Amino acid sequence: MRVTGDQALVKKINKSIILHTIRKYSPLSRAKVSEMTGLNKATVSNLVAELCAQELVTEAGPGESSGGRKPLILHFNAMAGSVIGVELRVKQLTAVLCDLGGRILQEQECSLESHQLPYVLEAMTKLISALIAAAPATPYGIVGIGVGVPGMVDEHGVVLFAPNLGWETVDLRALLEAEFAVPVTIDNEANAGALGELNFGAARDVRHLLYVSAGSGIGSGIIIEGELYKGARGYAGETGHMSIEAEGKPCSCGSQGCWELYASEKTYDTPALPLPARTTPELVAHAAAGEPNTLSHFNTMGEYLGIGVTNLINSFNPQLIVIGGALSEAEAWLGEPLRSVVAKRTLPYHKQELEITFSKLGSRGTVIGAGFSAVMHFLGHIRVTL
């Protein structure tokens, strides 16, 4: 099959390569951009001039001289615009206003008392509107909204199935775009969290990553060869619904014995458990004070997390596993039992050079990743695959 492209396409690809090189590695000189991208200096100079005119790149200097005139240094203009990242959880809604470099400028959150779509949409609209009102003046203003949801999402931004919310076939992207008149990206919250960690957290430059989002449920973002893997139809990563108990508890997904019933915040809802509280932040405080029932429960949860993580390691052979989501705040009590189970159960070669860590972004990984998806939609990220 012959692959061709006209000059306009080649220019667009080269411009995208230059922009994202500067975004990731600035400050850089034009000569360094040429060296890193393999593009000749004239091409780099011309396209950088266009990016400066668009206010996506700025010049400062002079930089270090290698013998001739001191070069001007290029910077990505993270304040060219703003994005909003949103995470929809089972009991909470969190939203952040970020610059184009992923820096959080403002944050809002509220609890959810219902999963009825009109109620959730109204709460989401209030949070987003408050952040838009707080946004600083920038050349492009609010350029997009990214949302991470606990469920299966198709390429059109339709939430196909979110069992923990009781949603099926909700066209969330269309609803939000009609409300705010800016581009909206919708993805599974674990995919968003994986992107957050890959670009701003513990997984920078990792080629094979499993991000496990552990909170009100469990999902996984899968990075293979540095790219987000979504499966044949975009639904990969619903690992919270893999069975770890053949005749286990019934799950809202229709199956039974699902991992998230034993290793997520769903465990707090068991009436027989003598827990002093029913939320992770409160339980973390009790664990820090040495409350025995909380310590015992976190230990059990850590073991069950380890069982599921072992299955993922044996299946995918990743370089790095990052535990994110609300339960990452309980690392001090979950980490040891999790790692102990993995050490006992994982295949020996799969353990070699494997690292398991907890998110450096804490519970904010998904909102930052969702915002990053909106940034990439605005900037454009053109890749050519042959």
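Helices and strands are DSSP runs, of at least four residues for helices and at least two for strands, numbered from the N terminus. In this predicted model, the protein chain holds 12 helices and 16 strands.

The overall dimensions were examined next. The C-alpha atoms of the protein chain fill a box of roughly 75 × 50 × 50 Å along the principal axes. The radius of gyration is 22 Å. A compact globule of 386 residues would have a value near 21 Å, so the chain agrees with that expectation.

Half of the chain is interior: 50% of the 386 residues count as buried. Long-range contacts are well represented. Among contacts with a separation of 6 or more, 60% join residues 24 or more positions apart. The exposed surface of the protein chain comes to about 18100 Å². Carbon and sulfur atoms supply 51% of that area. The chain carries 30 positive and 38 negative charges. The mean positions of these two sets lie 8 Å apart.

Helix 4 was examined individually. It spans residues 117-134, 18 residues in total. From first C-alpha to last, helix 4 reaches 26 Å, close to the 26 Å expected at 1.5 Å a residue. Its buried residues are Val 120, Ala 123, Met 124, Thr 125, Leu 127, Ile 128 and Leu 131. These buried residues pack against five strands and one helix: strand 4 (82-88), strand 5 (92-99), strand 6 (104-111), strand 7 (142-149), strand 10 (167-170) and helix 5 (172-180).

Terms used:
Residues are numbered from 1 along each chain as its sequence is written. This is a predicted model: local features need pLDDT of at least 70, side-chain atom pairs count only at pLDDT 80 or more; totals for chains, interfaces and linings use all residues. Side-chain values use heavy atoms; hydrogens and water are left out. The radius of gyration is taken over C-alpha atoms; the globule rule is 2.2 Å times the number of residues to the power 0.38. Buried means under 20% relative accessible area, exposed over 50%, partly exposed in between (1.4 Å probe, protein chains only). Contact means heavy atoms within 4.5 Å. Accessible areas come from the Shrake-Rupley method with a 1.4 Å probe; for residues, only the protein chains shown count as cover. Lys and Arg count as positive and Asp and Glu as negative; His and the chain ends are not counted. The place of a charge is taken as NZ of Lys, CZ of Arg, CG of Asp or CD of Glu. The expected span of a helix is 1.5 Å times one less than its number of residues.
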